[in-house]
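Trainee: I have the model open and would like to test some of the terms we use for it. Could you take me through the reasoning?

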Amino acid sequence: MLPSDPAKAVSQAVPPPPPDPVETAYRELETRIHELRPNEDLAPLEKAFHFAAERHKNQKRDSGEPYMLHPVLVTRQLADMYMDMTALQTGLLHDVVEDTSATIDEIRKNFGAEVAACVDGVTKLSKLNLASREERQAESVRKMLLAMVNDIRVIVVKLADRLHNMRTLGHLSKERQERIALETMEIYAPIAHRLGMGKIRGELEDLAFQYLEPEASETLLKEFEAARASNEAFLGEIRHTVEVLLAREGIVARVDGRVKRAYSVFQKLKRQKITLDEVYDLLAVRIITDSVKNCYAALGVIHNEWHPIPGRIKDFIAIPRPNLYQSLHTSVMGPGGRHFEVQIRTDEMHRIAEEGIAAHWKYKEGRKGAAEDDQRVAWLRQLVEWQSEMRDPGEFMSTLKVDLYPEEVYTFTPKGKVIILPRDATPIDFAYAIHSDVGNSCIGAKVNGRIVQLKYGLRNGDVVEILTQANHLPSKDWLSLVKTSKARNKIKHVINMTERVKAIEIGEKYLEREARRLGVAMKGVTKAQMEAVAGEYGYSKIEDLSAALGYGKYSPRQVLQKLAPDQVPIETPEPAITEPSRPSPTSQPAAGDQDLVVKVKGIDDLLVYRAKCCNPIRGEAIVGYVTRGKGIAVHSLNCTNVQNLMYEVERKIDVEWARSTSAPFPVKFTVLTEDRPGMLSQLTTALFNEQTNIRSLETRGDDVQNTAGAIIDMTIEVKDKKQLERVVTSIRRISGVRDIERVNPQ
C-alpha cells in the first residue's frame, strides 16, 4: 500500500545531519572552563573561536578531520593547565596567521596587543624548522628562547600544540614522523622538563619514543601488557597496605600506583644494560599528604614496614631540583622479594611536579611569566645572555642540549652552600659554578678532605674545596672533562684568546719565510693590498688572515699568489686528498679505492683524513677541523670530541663527501646477546642478507653484568650510512639481542 503523503514519507527517511565535531569540541571546552572557573566570562573566548573557525573554514588536517578541531583541542589542554584567557585565546588563534590570510594587525585590532604578541610568538616558533641545517636550527632555537623570556605563555601554548600534534602523528609520512619526533625528543620534551612540566614531558617522550624506536617501544609495551595483571594486583595490594599503615598513624593521605613510563624504562635498560626485572623503580606508589611533616612521617612508616634499598633514598624536599620539583623518593623490598619505589609529596608539590611553571599561574593577574627569581627560567635568561658570545651554531646547540638535561648531583662548599651540577660533573665544573676567576685559576681540589684528580666525578653530598693559583690558565684537556656549559664556554674563551695570539704570530712568520723563499719583497706590499687579499678570503682584518695561515687553513703560497701574481707561479696541486685505506684481508682492493672520499669545499691542496675517534662513513654529517701540520681532520657531527675541539671557530672548515667510491668503510660493533645455541648463526645470516663482509668476529662471556649473556665484538664493512642503518636494524630484530653499540677506534 502506498503512503497517503509521499513527501512526508521522504522527509522522514532522511537522517538528521551529524553533529559538527568542531562545535561539539568547543562546547566541551566551555564546559570544562566553567568547571574550573565558574565565574569566568567566556565572551572573549567565543569571539576568538568564531574568528578562527571562519579563517580555517574548509581546511582539513592530514587525518581528514576539520582543521579547526586542532586549535580547540590545544586550547582544551591549556584550560586543563589553568592558563589565563590570553593563553586560551592564543590557543584558538595560534595557526590563523601562518595558515590563513589573517594578519597580526587583525589579531591586534580584534583581540588586543597582548594576544597579538602571543600569537606572533607562537607563529614564529611554528615556522621554525628545527631539523634543518645547523645554522638555521641554531637561529630558530635562539628565537624560541627569546620568545620564552619575553612571555612564557608562548612556549606553554607551543608545548600544548606539539602535544596534540604528537598524539595525531600517525597520519603523516614516516619521514615526517621521524623528523617531528626527533625534534620533540631533543628540544620540546627537555624544555618541558626544565619548566617542571613533568606530565607533558612524559607524554611527549613516550609518543616520540614510539616513532624513533618503534621496535624497542613495541617490545617494551608487549612486556608491560604481559605483566599488567600481575603488576596491577601487586600495586593494589601495596596501596591497600600503605593506606592501612598511614591511617593507623593518623596520617591523612591518598595513595596512587603506577608503572614507570616506557621511554624512561628504555633509557635505564640501555644505560645500565640490565633486564626489566632489575629496574628497581618499575613499579611505584605515590603518597600525597597534607604537610611536609607528614611526608617525613610517611617515609618512616614505609621504612618500618619494608627494608629500604641502600643508595636509593633521595630527599628532594630539603634540596629541590632546579625546576623546583620536590618529593621524597625511596625504593624498598616488598612482598615476595619484589622491589618498588615510593614517592611522597604534598598536594602543592604534586601540582608543581605535574604542571611545573603553569602550576603557579595566577588567573586574572595578567602575569606574562614567572617571577624574576624563578629558578626554572633563570637558566634561560643566562643562556640568552651567553648567546651573543657564541659565534659557532654548533657550540650554541651543544650548550643548549647540555643545559636542557636534568641536573642530579648536589654538592656543597666548605661553608655549606649547595652547588647543583649535572651527573658526572668534575671539580672544574664546581669551580666555575662558584666564579669564573676561581675556575680559571683552579689547580686542584679536595673532596671530603682528600685531594682528588680534576677528572673526579662528583657525587651527591660531596664537600668540595677548590685549590687555586694566581695567573694560572685553564688547559685544553679540561674541555673533555667538564659537563656544564658555563665551564665549557669560559674555558673556550680563554683558550681562544691565547691560541689566536699564537696563530697570528705563526701565520706572519710562515708568510715571511715563504716570501723569502720565493723572492717576494714583503716591504713593497701595502696594508691596503693585504686587506684586499684578506677580503678575498672573507676576512675583515689582516690579523684574521694571519690566524688562518697559522692554523694551516690556507697555505702561504696561496696568499702570495694573490699578493704578487707576477712573481709566484700557480702550482699544480698534487692529488693528496685520497682516503688512505688498507685492503681487506678477505677481499681484493676495488678499482675505485683511490677515488677521492672527502674534500674541502673550494680548496684543492690540503691533506684531508678521517678522524679515528669517530671514523665517519659516507652519508654521515661531517665537519672539518684544521690541525697545524697534519691537515684537515674530518669528524662526524655526532662525535663526542667535536665540541671539545671547536673552541676556536676559525679552525672549523666545511668539508663534504666527494664522488662515489666502491671502497668499503670498516665499522666495529659490540653486540650484547643472550647466550644460547644458534645466536651466532642468526647474526652472520643477518649480515649475509645485507651483503656485508665480516672482517673479524670474536665472542666472550658477559662477566661484567653477571647475566646469562654473551658479548660479540665484530668488524664489518659497509658502503655508507644507509647500509649501516639496515645492518643495525637487522641485528636488533634477532630475538635475544639486548643491545648493539658502534665502537670507534681510538
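Mentor: Happily; we will take a strand, a sheet and a helix in turn, bearing in mind that this is a predicted model.

Trainee: What makes strand S20 mostly covered?

Mentor: Buried means under 20% relative accessible area. In S20, residues 709–718, 10 of the 10 residues are buried. Both faces are covered: one side carries Gly709, Ile711, Asp713, Thr715 and Glu717, the other Ala710, Ile712, Met714, Ile716 and Val718.

Trainee: How do you know that S18 and S19 pair with S20?

Mentor: Pairing takes at least two bridges found by DSSP. S18 (residues 665–674) is joined to S20 by 10 bridges, and S19 (residues 693–701) pairs with S20 over 8. Both pairings are antiparallel. Among the facing residues, Val667 is opposite Ile716 and Ser696 is opposite Thr715.

Trainee: Why are S10 and S11 called edge strands?

Mentor: The open sheet has 3 strands in the order S10-S9-S11, paired antiparallel. S10 (450–452) and S11 (464–468) each have a single partner strand, so one side of each lacks a neighbour in the sheet. The average twist from one strand to the next is 35 degrees. S9 (residues 442–447) meets the pairing criterion with S10 through 3 antiparallel bridges, and Val447 has Arg450 as its bridge partner there.

Trainee: Why is helix H20 described as largely enclosed?

Mentor: Of its 8 residues (427–434), 6 are buried, so the rest of the structure largely encloses H20. Those buried are Pro427, Ile428, Asp429, Phe430, Ala431 and Tyr432. H20 lies across S9, S10 and S11, at about 80 degrees to S11.

How values were computed. Residues numbered from 1 in each chain as written. Predicted model: local features only at pLDDT ≥ 70, side-chain atom pairs only at ≥ 80, totals over all residues. Heavy atoms only, no water. Buried < 20%, exposed > 50% of the residue type's maximum accessible area, 1.4 Å probe, protein only. Helix = DSSP H or I, 4+ residues; strand = E, 2+ residues; numbered from the N terminus. Axes fitted to C-alpha atoms, helices over the stretch in contact; angles between N-to-C directions. Contact = heavy atoms within 4.5 Å.
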